[in-house]
Amino acid sequence: MGAHLPPRSDGAGGTPATKVAPVAGNPGSGPTGGQSQDGLQAGLKNRHLSMIAIGGVIGAGLFVGSGAGISAAGPGILLSYALTGLLVVLVMRMLGEMAAASPTSGSFSAYADRALGHWAGFTIGWLYWFFWSVVLAVEATAAAAILTGWVPAVPQWAWALLVMIVLTGTNLVSVGSFGEFEFWFAGIKVVAIVVFIAVGALAIFGLPPGDHAVGTANLTGHGGFLPHGPGAILSGMLLVVFSFMGSEIVTLAASESPNPVQAVRKAVNSVIWRIALFYIGSIGVIVTLLPWNDPAVAKSPYVAVLKSLDIPYAGTVMDVVVLTAVLSCLNSGLYTASRMAFSLGERGDAPKSFATVNRGGVPAVAIYASVAFGFLATIFSYTSKDTIFQFLLNSSGAVALFVWLVICFSQLRMRRIIEREAPERLTVRMWLYPWLTYATIALIVFVIGYMFYDPDGREQMVLSVVAAVVVLAVGLVLDRRRPRDAAEGAAKR
């Protein structure tokens, strides 16, 4: 660990990227006129960022995927969510420290580039882009399934195509249109969860719509709080850990706002109550009101609770909420993938065209590239669901853990760089640095190791590691070519 990061070409003129980047939105520190330091349009309003931060932790997986976690761990799934939530809180604190000091569309990929080396930024940036591009296909397919149930005359593939086209259009118009769509999508999710928790809490205490207080019978009965033993807590973590992917989106979006530092600080400070309320609160209502081993809970826990309380049209209501969550995830996934591609293009790790913006100040080429891969993956979800598409899912499945691990290692180095070059920008600080960072690294490594041990997680982890190694190898090869290409270019000039 030297005094400075080694000089490196930033892909946009060959200037060394050794210092902390200017903070967009601060007087005299970056471009003005409604643009972020990256050249993107600063069109996201405070209310957009606030709702992106709040709704970013509520994915479709919470509504439709939590049943598998409850089946695996019983009421003990609350501990799985609590441990995973703690992990996310710590990682977000580290990321917030770096993002508040230097907001950028590349977020943790750009920080890894500066702190750990070009290989790290390249690898984690492309893996993250790959993850969200696959998510586009998953969410488009899920949305199409719901819409086909409502309008069966329209084939499912047509619905998938339609939602992809519509949300691609909103992302292409301006970042403000993305923010507006996400504001309302996230708002519906937040309202739905809050109402669900409020109604469930009333029922737990025997108030309408319940008919008697349930107490702790469902938490301690049916095999106890941990019916499958303490090891099920870890198995539950493997099932829920990927539901939290998306918390970091606000640190990418903040660079396209008038005051990114304030936005990052608010998002990081609120992550604790967001996870406690939306995840632990709503899951707590489910496992308290209903037996964890009820088949209806495994299938669709939120619908099961609403039906048990005789809420009319429970299935339709949840279909609307899930569809909103799916469209929100697709909308933000396309935004996130395109901004990561834009950042990679800026740093010379992707085609230079990725770093260009249209008249609306959005990276159109990066959006087209991301949605093209998403379209291709969507086609595979229909034509090769059990082969190619399953491979794409598994090989991107552990990217969340890789991202979190890279954030931890980057923060260890970036803290020293920021303290040396711009200590006044440490407006968000990681708690108990560096010991809590080391503890977080140890926990993530433990979860990764457990995935190799767990039969259900092994294939996903192995394929994800293979994907990471391939991307890393490509990055190292390209990195070796850089000095030679630069020298040849200088000779020609």
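# Helices, burial and backbone exceptions in a predicted chain

Colleague: What lies behind the agreement between the expected and actual span of helix α6 (residues 118-150)?

Modeller: Helix α6 has 33 residues, and a rise of 1.5 Å a residue should therefore carry it over 48 Å. The expected span is 1.5 Å times one less than the number of residues. The end C-alpha atoms of α6 bear this out, for they are 48 Å apart.

Colleague: What pLDDT do local features need in this model?

Modeller: Residues are numbered from 1 along each chain as its sequence is written, and side-chain values use heavy atoms, with hydrogens and water left out. The model is predicted; totals for chains, interfaces and linings use all residues, side-chain atom pairs count only at pLDDT 80 or more, and local features need pLDDT of at least 70.

Colleague: How many helices and how many strands does the chain have?

Modeller: Both are DSSP runs numbered from the N terminus: a helix is H or I over at least four residues, a strand E over at least two. By this assignment, the chain has zero strands and 20 helices.

Colleague: What percentage of the 493 residues counts as buried, and how many residues of α6 are buried?

Modeller: Buried means under 20% relative accessible area, exposed over 50%, and partly exposed in between, with a 1.4 Å probe and protein chains only. Over the 493 residues of the chain, 56% are buried. Helix α6 is mostly covered, its buried residues numbering 27 of 33.

Colleague: What share of the exposed area of the chain do carbon and sulfur atoms supply?

Modeller: The area follows the Shrake-Rupley method with a 1.4 Å probe, and for residues only the protein chains shown count as cover. The chain exposes about 19,600 Å². Of that area, the share from carbon and sulfur atoms is 68%.

Colleague: Which helix supplies the largest share of the lining of the largest cavity?

Modeller: A cavity is a set of points, on a 1 Å grid over the protein atoms alone, where a 1.4 Å probe fits but cannot get out, and lining residues have an atom within 4 Å of a point. The lining of the largest cavity consists of V88, V91, M92, S247, E248, W404 and I407. Both α4 (77-101) and α18 (399-421) supply at least two of the lining residues. The largest share, three residues, comes from α4.

Colleague: What is the volume of the largest cavity?

Modeller: The search of the whole structure returns one cavity of 30 Å³ or more. Grid points are joined across faces, edges and corners, and the volume is the space filled by probe spheres set on the points. For the largest cavity this comes to about 40 Å³.

Colleague: How many of the 25 residues of α4 are buried?

Modeller: The span of α4 is as expected, because 25 residues at 1.5 Å a residue should cover 36 Å and the end C-alpha atoms are 36 Å apart. The helix is also mostly covered, with a buried count of 21.

Colleague: Which residues does V428 touch, leaving aside those up to four places away in sequence?

Modeller: V428 sits in the loop between α18 and α19 (435-453), and it counts as buried because its relative accessible area is 2%. Its C-alpha lies 8.6 Å from that of M94, although 334 residues separate the two in sequence. With contact taken as heavy atoms within 4.5 Å, V428 touches R93, G96, E97, A100, R265 and V268.

Colleague: Which residues does T168 touch, with the same sequence neighbours set aside?

Modeller: T168 belongs to helix α7 (residues 156-173). T168 is buried because its relative accessible area is 9%. Not counting residues up to four places away in sequence, T168 touches L334, I367 and V371.

Colleague: Is H222 buried or partly exposed, and at what relative accessibility?

Modeller: Most residues other than glycine have a negative phi, and most peptide bonds are trans. H222, in the loop between α9 and α10 (231-240), has a positive phi of about 55° although it is not a glycine. H222 counts as partly exposed because its relative accessibility is 39%.

Colleague: What is omega for the cis peptide bond from Y433 to P434?

Modeller: A cis bond also joins P208 to P209, with omega near 15°; P209 is in the loop between α8 and α9 (217-220). P434 lies in the loop between α18 and α19. For the bond from Y433 to P434, omega is near 0°.

Methods. On a 1 Å grid over the protein atoms alone, a cavity is a set of points where a 1.4 Å probe fits but cannot get out, and a pocket is an open set with protein on both sides within 12 Å along at least five of seven lines; lining residues have an atom within 4 Å of a point.
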